[in-house]
Every structure is written in structure tokens, then in C-alpha cells.
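These are my notebook entries from a session of looking things up, written down in the order in which I went through them.

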There are 2 protein chains.
Amino acid sequence: MFELKNPRGTIDYLPQQQKVRQDILRKLQDVFEKYGYQPLESPILCHFDVLASKYAGGAEILKEVYKLYDQGKRKLGLRYDLTVPFSKVVGLNPDMRMPFKRYEIGKVFRDGPVKTGRNREFTQCDVDVVGVSSMLAEAEYFAMSVEVFKNFSLSIYISYNNRKLLFGLVDAAGIDADVASSVILSLDKFEKIGREGVLNELDEKGINRDSSEKLFSFIEMRPEELIQYLTQNPINDSIRDGIKEINELDMYVDAAGLSEYVRFSPFLARGLEIYTGTIWEVFLTDGSITSSLGGGGRYDKIIGGFLESDIEYPAVGMSFGLDVIYEVLKMKGEAGTAAPAQIFIIPMGTEKESFVLATDLRELGYNVDMEMTGRRVKRALDYANKSDIPYVIIIGENELIEKKFKVKNMVDGKESEVKFEELEGMMKDIIKD
Amino acid sequence: MFELKNPRGTIDYLPQQQKVRQDILRKLQDVFEKYGYQPLESPILCHFDVLASKYAGGAEILKEVYKLYDQGKRKLGLRYDLTVPFSKVVGLNPDMRMPFKRYEIGKVFRDGPVKTGRNREFTQCDVDVVGVSSMLAEAEYFAMSVEVFKNFSLSIYISYNNRKLLFGLVDAAGIDADVASSVILSLDKFEKIGREGVLNELDEKGINRDSSEKLFSFIEMRPEELIQYLTQNPINDSIRDGIKEINELDMYVDAAGLSEYVRFSPFLARGLEIYTGTIWEVFLTDGSITSSLGGGGRYDKIIGGFLESDIEYPAVGMSFGLDVIYEVLKMKGEAGTAAPAQIFIIPMGTEKESFVLATDLRELGYNVDMEMTGRRVKRALDYANKSDIPYVIIIGENELIEKKFKVKNMVDGKESEVKFEELEGMMKDIIKD
């Protein structure tokens with residue numbers, strides 16, 4: 001006999017939770033489509049070589065790829081993100097109309113350490129566009145993020161920065177280009193480990209204190225002052241380019257009335273190395289959960305590099321965190337009880353008539369379930385109650401003769417007798433959505 | 001350099017197709033929920049032992065399981081169906097309220113031969129209930145199937161049979177119980193290979209001609225006559241039980257006005273060995289595609305066997321064929337063009353104002369895209385045209401000064417000038433959904 005269990009880092013999402021997750025995904029999809037993004041579904045199985053490309057995730061992530069062989073002994077892997085499949089689709093479809101705006105929602109797999117909120121099999125929701133250099137793309141993502149979280153009644157802000165600016169500042173501080181990425185990742189920890197913590201990390205990375213302090217002197221300026229100062233004194237080309245992008249993006253954000261949701265944050269870096277320009281993360285305004293609810297950035301070099309192509313593929317994309325959005329909605333009591341039906345019909349020796357009534361009510365658009373196990377009314381009522389079904393109709397032989405139904409409101413416990421011909425009207429009155 | 005390609009038997013679903021697939025899935029989900037079925041999401045990764053249980057798919061399917069190991073050297077497999085995960089969830093949640101009605105839509109994997117309509121990675125849509133012995137469960141699936149295909153404007157009928165009846169008839173024909181399953185699978189080919197073909201197969205399986213002809217004398221009776229005859233002369237217990245179930249199911253089907261959609265078909269057997277009672281398949285009435293669009297059956301022994309439990313787990317379930325439904329809709333011209341937006345905005349040096357208009361129109365609920373690459377109007381119009389976007393708004397500097405938009409209907413090619421304040425009203429008039 002086998003032991004019945006799930007593999008480490010995998011989860012069964014039972015209906016109560018899955019219903020809410022599915023509602024979240026539908027809302028996300030509807031907003032994505034409002035912004036001209038179209039669904040794509042790519043395979044989970046990939047040729048291992050494709051996943052192992054140096055422009056894909058790199059050596060770190062390759063250790064976490066699940067590897068397998070098909071019957072033809074081809075080496076395959078399970079995808080670990082949706083960006084490699086996106087790049088692959090662009091490469092496999094050279095006649096594709098550009099810009100190509102797609103979203104994909106699907107499972108990805110990473111055979112790494114398991115902790116709270118970090119599983120080995122999980123769902124990613126990615127929205128990406130390839131073929132747009134203009135900051136309009138970023139502005140659109142900001143507008144989209146604001147709309148997404150309005151639909152969840154969550155108050156958020158978007159923290160953003162620019163990698164060109166960051167690299168330029170690192171250079172202006174006299175730090176070597178080959179440690180720039182590593183330095184930027186330390187800056188990202190400012191909120192977590194504080195000024196001293198970051199400085200210590202930079203010490204350990206061999207950055208001299210003068211350079212570190214110089215770098216801090218920039219990014220600790222008030223954000224608006226920093227931008228104003230660097231607009232006038234760009235110091236180097238990278239800063240000039242970064243500031244230009246920031247100012248262009250700001251212009252669109254202001255014009256569309258989005259400024260109140262957007263904060264320039266010079267410390268923000270994001271973990272991934274792929275980004276080349278704007279980067280952003282979405283946070284709850286009330287700080288009740290500090291993880292970001294989503295984030296993204298511009299990665300102009302990845303797709304062209306991956307495809308070993310001379311064509312330029314400017315790209316911007318973002319991810320929404322399904323699991324963290326679920327956690328927030330649950331915490332706020334917005335993740336409903338997910339009753340399996342609006343109406344539950346209990347037959348007392350009237351299975352046939354009850355089935356007909358269930359069919360009729362479903363035709364009217366209601367979600368209806370009925371007692372099919374023949375258990376006693378008391379136990380059937382108990383089932384409906386525990387399942388949070390709001391209305392129960394009980395049909396006995398007497399009700400049939402008198403052409404009446406007993407309708408029980410499970411919330412207040414009230415029972416009423418309703419004539420056959422009045423039921424439809426009554427249900428319309430009490431069930432509004 | 002790696003070769004850019006997808007593994008054999010896997011597919012990228014590009015937006016044009018994926019949009020339709022997604023619409024199909026949403027309609028399916030909405031109907032499933034109307035019948036009290038709730039979503040479940042189970043992991044793709046399974047312990048290999050669980051998949052290899054003798055009550056799971058058996059030795060045949062085990063050859064086609066993708067096997068892999070995690071970093072802890074645990075032997076895993078990719079799930080090959082959604083029934084094993086369903087049984088597993090029932091076993092892992094002993095306090096679950098019964099009956100448990102769930103649907104799951106997800107990827108499954110089979111490393112087998114690849115042909116048209118048969119891939120190695122594909123999506124299954126399963127709806128199952130555990131805990132109901134009554135034929136009400138089957139009747140509900142019939143009603144649900146009728147509603148599902150009404151929503152797709154497809155005219156269908158449900159062909160059904162009963163395994164208890166079939167086994168009873170095989171026994172009554174004097175055929176050994178240990179070849180009964182094999183005999184039934186031959187009967188299922190009647191439509192494909194004809195009477196002679198089936199008889200030859202039965203010869204090859206060592207069934208003597210007298211028994212074969214005896215069996216045929218039953219199942220070639222007119223279906224209603226057969227049922228009437230066996231109701232009066234049940235011959236053996238298995239026939240008696242089967243006929244009782246058929247009559248009970250018929251009663252519910254008649255009462256709910258579903259008879260016109262349902263046909264008793266004594267030859268129908270379905271491939272899988274798991275079924276113990278009712279089995280059914282859904283076909284197009286016009287026969288333009290002969291594959292079934294869905295099918296299901298009762299499997300009362302599987303979950304209890306899988307869990308090695310003495311508890312009874314009567315279960316009924318059905319699958320809807322996403323790929324074949326897509327093919328039918330495409331053939332009937334019902335699989336739309338999936339334009340990425342309803343409105344496309346082309347700025348002529350008016351990026352900022354165009355972005356603001358896009359934001360405003362999205363707030364009104366429209367799906368809006370805009371030209372972001374700075375290409376010429378002619379090329380941007382060409383993009384909108386090829387993408388089947390019905391309306392284009394062109395905004396030049398003059399339009400800004402005159403506070404007017406140029407709106408182009410891409411279907412009839414007509415252009416009109418619309419004042420700022422009239423645009424919203426005009427869009428409401430022309431875009432109805």
C-alpha cells in the first residue's frame with residue numbers, strides 16, 4: 001500500500017479557497033483584456049536546452065528545474081517561469097504582429113526550499129508586451145495596476161525606480177561596473193535591514209566607505225529633489241537616460257490622474273537581474289501585509305539575447321501575486337464563504353418533483369443543489385447550513401398536494417409557505433445577484 | 001545554441017485560439033456551478049506510488065506516466081488524469097462533507113503516441129460527485145450536458161447505456177465473466193466496424209458463434225422493446241439491477257422534459273474499465289463531427305478500492321472535451337476573431353492626450369489599445385485592421401485644438417469627426433456589449 005500524501009511543496013486547493021482564487025483570476029483577466037492583452041497558453045513541458053539558455057534564468061534557477069525524459073529519451077524540464085515560454089513564442093512566430101501583448105496564467109515549478117508562501121508548484125500571472133520602447137507601456141501597467149486593485153477594493157501604491165538611473169548612480173559613486181548588480185541588490189534591502197545593514201553588506205562586498213556614502217548621499221535625497229537635481233546635473237549618460245525615462249513616465253502618470261498612486265523610490269531594485277529600465281512593485285497602502293502584491297519592469301535585452309538575434313525586442317512585463325492577493329482578501333474578510341449553491345432542495349419522498357423544480361430554477365439562472373442521498377431532513381438541513389447555502393426548499397407529499405413549497409431562510413431561520421406560482425417571483429426578490 | 005522548438009505532443013495556444021478556449025472554459029464553469037459543483041485545484045506533481053496504485057489507471061497507463069525525481073530523490077510522476085487526484089483528495093480529507101461535488105480543469109500528461117487530437121500535454125475538464133447512489137446524479141449530468149451545449153448553440157444528444165445490463169446480457173449469452181470486459185469493448189466498435197467486424201473480433205477472442213448471436217439478439221432489439229422485455233424477464237440479477245437503474249433514470253429524464261435529448265444505446269460501452277453502472281456520451285445531432293463532445297459514467301468501486309477502504313464511495317463523473325468543442329465551434333464559425341480591443345487609439349504627436357483618452361475609455365468599461373511604437377498612421381491602421389479591431393480613433397494636433405476626434409469604423413471604412421463631449425455617447429451607441 002502506498003502512503004497517501006502530496007509531494008513536498010504542492011497543495012490541494014479545496015473549493016472554499018479555489019472559488020476565491022478563481023474569482024481573483026477572472027477579475028485579473030478582465031482587466032488585462034481591457035488593456036489589449038490577450039491570453040496565451042504555453043506548455044509546461046519544455047526542452048531542457050531551452051530552459052538552460054544563458055539568457056533564460058541562469059545557473060541559480062537551473063538547479064531548481066525538474067528534469068525528466070520522454071520515451072524518446074529527449075531531455076525535458078518543467079518550466080520555472082512564464083518569461084522563457086513568452087520569449088520562445090516570440091521566436092517561434094516571426095510573422096507575429098508587433099507589438100505583441102499577452103498574458104499567461106499557469107503553473108510553474110521550482111524544486112527549491114519550501115517555506116510559507118513558497119511552494120514548488122505554483123501559479124504565476126504574467127502580463128507582458130514586446131515591441132514598445134516608449135514609457136507609454138509602463139504608464140499603461142501603472143493604470144492597469146490601479147484598476148486591478150480598485151476591483152478588489154484594496155488601496156495600493158506603486159513604488160517605482162529605474163535601473164539606468166541606479167547603474168548611473170553606482171558609477172557616479174566610483175563603484176566598479178562588475179559589482180554594480182550586486183550593490184543594487186543590497187540597496188533593495190534598505191527597508192528590511194536599515195542603513196547600517198546595507199552599509200555593512202557593501203563593506204563585505206569590498207566597496208569602500210567613501211563610495212558607499214557617496215551613493216547614499218544620492219539616494220537619501222528627497223525623491224523629487226533627487227530627480228530635479230539630476231535633471232539639471234545628469235553626471236553620466238546612464239543617469240541622463242534614466243532621468244529622461246522617469247520624467248517621461250511621470251508626465252503620462254500625471255496626465256492620467258494617477259500621481260496619487262505612484263511613488264518614486266530610489267532604493268527599489270527588485271531581485272531579478274534581467275531588468276534594464278523601469279522597475280516597480282505594488283504595495284498595500286495600510287501596510288497590513290508588507291510583501292508586494294505584484295511587480296514588474298522593463299527588460300529590453302532578454303528576448304533578443306535569448307533568441308541570439310540582432311533584432312531589438314524592447315519588452316516590459318509584470319506579475320500579479322495570486323497567493324498574496326488571496327491572503328490579503330482573506331485577511332480583510334473579502335474572501336467569501338463560497339456556498340456551493342444559492343438554493344438547496346430537500347425532497348421528502350418527492351425526488352422526481354424536486355429534480356424538476358431544480359431544473360426549472362437552474363433555467364431561471366440560479367445555482368441550485370438538491371439532496372440526493374435520501375438522508376433525513378434534519379441531516380440534510382445540517383448539510384445546507386454547514387455549507388452556508390442561504391435558502392432551502394423542502395418538498396413533502398403534502399406540499400405537492402397543496403401546491404405549496406416550504407422555503408427556509410437559513411440565515412434568520414424563518415420558514416414560509418409559498419405557492420407554486422409565486423416561487424419564481426419570491427426567489428427573484430430575495431436573491432439579487 | 002539550442003534548437004528553439006516545443007517538445008513533441010505539446011502546443012502553444014496563441015491568443016486567437018486561446019481566447020476562444022478560455023470562453024469555452026468560463027461557460028463550462030458557470031454551468032458546473034449552477035449545478036452545485038465547486039472548483040478544486042490539485043497538484044500536477046504526484047508521488048509515483050499514488051499514480052501506480054492498481055485502482056488508479058493500471059499498467060497500460062503507467063507506461064505513459066512522465067517520471068521524475070525531486071532534489072530529495074523522491075520518485076514523482078506527472079498526473080495523467082484528474083480522477084486519481086480526486087480520489088486522493090477524498091482520502092486526504094476524511095471530514096469532508098458528503099456528497100462532495102467538484103469540478104477540476106487542468107493539465108494532464110501522457111507520454112504516449114502523438115496523433116491529431118491527441119497530445120502529450122492537454123487540458124481535462126472533469127465534473128464528479130462522490131456520495132450519491134441515486135440515479136438523480138446521472139439525471140443531473142444529463143440536464144447539465146443539455147444546458148452546456150445549449151449555451152454553445154450546439155444541438156446534441158446523449159447516448160447512454162448501463163454496464164450492469166451489459167454484463168448481465170453477456171452472462172445471459174453464456175459468455176464467461178473473465179472475458180466480459182473484453183467482449184463489451186468489442187461491442188462498442190459496432191458503429192465503426194459493423195456487425196461482421198464485431199462478430200469476427202468476438203471469434204478471435206474465442207467466443208463461440210452461438211453465444212455471440214445470442215448476445216446480438218438482445219442488443220439488436222429496438223431499445224425500448226429490449227427494456228420492456230427485460231423489465232418483464234430480467235434473466236439474472238445483474239440485468240435486473242441494470243434495468244432498474246435505467247428505468248429510474250428514465251423517470252427523472254422524462255419528468256424534467258429531457259427525453260428528446262437522451263437515447264438508450266445498448267451497444268455503447270466506453271473504453272475505460274472503471275465504470276460499474278450508467279455510462280454515456282454526448283454527440284452532435286447533425287453528425288458533422290462524430291467524436292463525442294463529452295462523456296461519463298458511474299464508478300462505485302474505484303475510490304473505495306484506491307483508498308483500500310471498507311467505506312463505500314459511490315461516484316459519478318463526466319468529462320467535457322475542450323479540444324473537440326473548440327474544433328466544432330471553429331467549424332461552425334462560432335469561434336470568433338478575438339480582436340485584442342474594441343477601440344484602437346492612434347496618436348499623431350499626441351501621446352499624452354491619447355493615453356488620457358485610453359484611460360478614460362477603459363474606465364467606461366471598453367477594451368482599448370493604443371499605438372505605442374510611434375509608427376506612421378498608415379502602418380498603425382494596418383495593424384488595427386489585421387487585428388480586427390472595429391474602431392480606431394486618430395488624434396492629431398489639429399484635433400486637439402478643435403477639440404474633436406476622428407473616429408474610423410474599420411468594417412465599413414467610414415470616418416466621422418466627433419466632439420470631445422460627444423465621444424462617450426457615440427461609443428455607447430456603437431459598441432453594444
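How many salt bridges does the structure hold over all chains? I noted a total of 74, and I keep in mind throughout that this is a predicted model.

**Entry 1, salt bridges**

I began with a pair that crosses between chains, running from A:R21 in helix α1 (residues 15-34) of chain A to B:E41 in the loop between β1 (38-39) and β2 (45-47) of chain B. The two side chains meet in a salt bridge at 3.1 Å, N to O. Are these partners buried or exposed? I recorded A:R21 as buried, since its relative accessible area is 2%, and B:E41 also counts as buried, because its relative accessibility of 14% falls under the 20% limit.

Next I looked at A:K107 and A:E121, whose closest N and O atoms are 2.7 Å apart in a salt bridge. This pair links distant parts of the chain, with A:K107 in strand β5 of chain A and A:E121 in strand β6 of chain A, 14 residues apart. I found A:K107 buried at a relative accessible area of 12%, and A:E121 buried at 5%.

The third pair I took from chain B, where B:K404 forms a salt bridge with B:E417 and the closest N and O atoms lie 3.8 Å apart. Here too distant parts of the chain are linked, B:K404 being in strand β15 (residues 404-409) of chain B and B:E417 in strand β16 (residues 415-419) of chain B, 13 residues apart. B:K404 is partly exposed, with a relative accessible area of 27%, and B:E417 is partly exposed as well, with 45%.

Which residues do salt bridges with shared partners join into one network? I listed A:R21, A:K107, A:E121, A:D323 and B:E41.

**Entry 2, the sheet of chain A**

I then traced an open sheet of eight strands in chain A, with mixed pairing and the order β1-β5-β6-β11-β10-β9-β7-β8. At its edges stand β1 (38-39) and β8 (262-264) of chain A, and each has a single partner strand, so one side of each is left without a neighbour in the sheet. Within the sheet I followed strand β5 (residues 100-109) of chain A, which runs antiparallel to strand β6 (residues 121-130) of chain A and is joined to it by 10 bridges. In that pairing, A:E104 stands opposite A:D126 in β6(A).

Of the helices, I noted that α5 (residues 136-151) of chain A lies across several strands, among them β5, β6 and β7 (156-162), and runs at about 15° to β11(A). Helix α6 (residues 163-172) of chain A lies across β7, β8 and β9 of chain A, at about 50° to β7(A).

**Entry 3, the sheet of chain B**

In chain B I read an open sheet of eight strands in the order β1-β5-β6-β11-β10-β9-β7-β8, again with mixed pairing. Its edge strands are β1 and β8 of chain B, each of which pairs on one side only. I picked out strand β10 (residues 294-298) of chain B and strand β11 (residues 315-320) of chain B, which pair in the antiparallel sense over five bridges, with B:R298 standing opposite B:V316 in β11(B). Helix α5 (residues 136-151) of chain B packs on the sheet, touching strands that include β5 (100-109) and β6 (121-130), and its direction makes about 15° with that of β11(B).

I also looked up B:R263, which sits in strand β8 (residues 262-264) of chain B and is partly exposed, with a relative accessible area of 40%. Beyond its close sequence neighbours, up to four places away, B:R263 touches B:Y157, B:I158, B:S159 and B:Y160.

**Entry 4, B:D81**

My last stop was B:D81, in the loop between β4 (75-78) and α4 (83-92) of chain B. Which side chain of opposite charge is nearest to B:D81? It is that of B:R110, 5.4 Å away, and B:D81 is buried yet has no salt bridge. I did find that the side chain of B:D81 reaches the backbone nitrogen of B:T83 at 3.2 Å and that of B:V84 at 3.1 Å. Leaving aside residues up to four places away in sequence, B:D81 touches B:V108, B:R110 and B:Q124.

Key: Residues numbered from 1 in each chain as written. Chains lettered and ligands numbered in written order. Predicted model: local features only at pLDDT ≥ 70, side-chain atom pairs only at ≥ 80, totals over all residues. Heavy atoms only, no water. Buried < 20%, exposed > 50% of the residue type's maximum accessible area, 1.4 Å probe, protein only. Lys, Arg positive; Asp, Glu negative; His and termini not counted. Salt bridge = Lys/Arg side-chain N within 4 Å of Asp/Glu carboxyl O. Polar contact = N/O pair within 3.5 Å; in protein donor to acceptor, adjacent residues only side chain to side chain. Contact = heavy atoms within 4.5 Å. Pairing = 2+ DSSP bridges. Axes fitted to C-alpha atoms, helices over the stretch in contact; angles between N-to-C directions.
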